[in-house]
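Below is a short note for a colleague who is opening this entry for the first time. The points are numbered so that each can be checked against the view.

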Amino acid sequence: MAFTADDRTEITELISLHGHLCDSGDLDRLGELFTPDVVYDVSDFGGGPLLGVAACAEAARALGDLNPVGHHVTNIVLTETAGDRVRACSKGSASTPTAPSAA
């Protein structure tokens, strides 16, 4: 079953909501975004695949003050896969404030 333009819009909004939830620290709501068997790959940031919603929330909490305060997502590509699932791929960046330098 091919997904529709409305499906694409809803999925894109979910991806955008991820940044808002993470930036506000509302990590208990990640289950609204991900299926229980989510694989969230943070290899580009020096980690590895996170398996499950709890692992995603735990990893974010473990960052503490190093957790980015701004998540930016661009170039979202959605691909239908087997079993009525969709693979989402995007470019993302995160900004983390740094302490002012002593002058």
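How much accessible surface does the protein chain have, and what share of it belongs to carbon and sulfur atoms?

1. The accessible surface of the protein chain is about 7,400 Å², and carbon and sulfur atoms account for 55% of that surface. Please keep in mind that this is a predicted model. The protein chain has 103 residues, and 22% of them are buried.

2. On the overall layout: the protein chain contains two helices and four strands. Followed along the sequence, these elements come in the order α-β-β-α-β-β. Among contacts with a separation of 6 or more, 38% join residues that are 24 or more positions apart.

3. Helix H1 covers residues 5-24, which is 20 residues. From first C-alpha to last, H1 reaches 29 Å, close to the 28 Å expected at 1.5 Å a residue. At its start, a side-chain oxygen of Thr4 comes to within 3.3 Å of the backbone nitrogen of Asp6. Just after H1, Gly25 has a positive phi of about 75°.

4. Which residues of H1 are buried? They are Ile11, Ile15, His18, Gly19, Leu21 and Cys22. As background, an α-helix has 3.6 residues a turn, so residues three or four places apart point the same way. Within the buried set, Ile11, Ile15 and His18 can be picked out in the view as a starting point.

5. His18 deserves a separate look. This residue is found in helix H1, and His18 counts as buried because its relative accessibility is 11%, under the 20% cut-off. Apart from neighbours within four places in sequence, His18 is in contact with Leu30, Leu33, Phe34, Tyr40 and His71.

6. The largest nonpolar core has 13 residues. Those with the most contacts inside this core are Leu27, Leu30, Leu33, Phe34, Val38, Val53 and Cys56. H1 and helix H2 (53-63) each supply at least two residues of the core, and H2 gives the most, with four residues. Leu30, one of the residues with the most contacts in the core, touches His18, Cys22, Val53, Cys56 and Ala57, not counting residues up to four places away in sequence.

7. Why does Cys56 not form a disulfide? The closest cysteine sulfur, in Cys22, is 8.6 Å from the sulfur of Cys56, and a disulfide would need the two within 2.5 Å, so the distance is too far for a bond. The count of disulfides comes to zero. As for burial, Cys56 counts as buried at 8% relative accessibility, whereas Cys89 counts as partly exposed at 37%.

8. Last, consider Ile76, which lies in strand E3 (residues 70-81). Is Ile76 buried or partly exposed? Ile76 is partly exposed, because its relative accessible area of 28% falls between the 20% and 50% cut-offs. Setting aside neighbours within four places in sequence, Ile76 is in contact with Thr12, Ile15, Cys89 and Ser90. Ile76 and Thr12 are 64 residues apart in sequence, yet their C-alpha atoms are 7.3 Å apart in space. Of the other contact partners of Ile76, Ile15 is one of the buried residues of H1, and Cys89 is the partly exposed cysteine of point 7.

Notes. Residues are numbered from 1 along each chain as its sequence is written. This is a predicted model: local features need pLDDT of at least 70, side-chain atom pairs count only at pLDDT 80 or more; totals for chains, interfaces and linings use all residues. Side-chain values use heavy atoms; hydrogens and water are left out. Buried means under 20% relative accessible area, exposed over 50%, partly exposed in between (1.4 Å probe, protein chains only). Contact means heavy atoms within 4.5 Å. The expected span of a helix is 1.5 Å times one less than its number of residues. A polar contact is a pair of N or O atoms within 3.5 Å; within protein, one must be able to donate a hydrogen and the other to accept it, and residues adjacent in sequence count only if both atoms are side-chain atoms. A nonpolar core is a set of buried Ala, Val, Leu, Ile, Met, Phe, Trp, Tyr and Cys residues joined through side-chain atoms within 4.5 Å. Accessible areas come from the Shrake-Rupley method with a 1.4 Å probe; for residues, only the protein chains shown count as cover.
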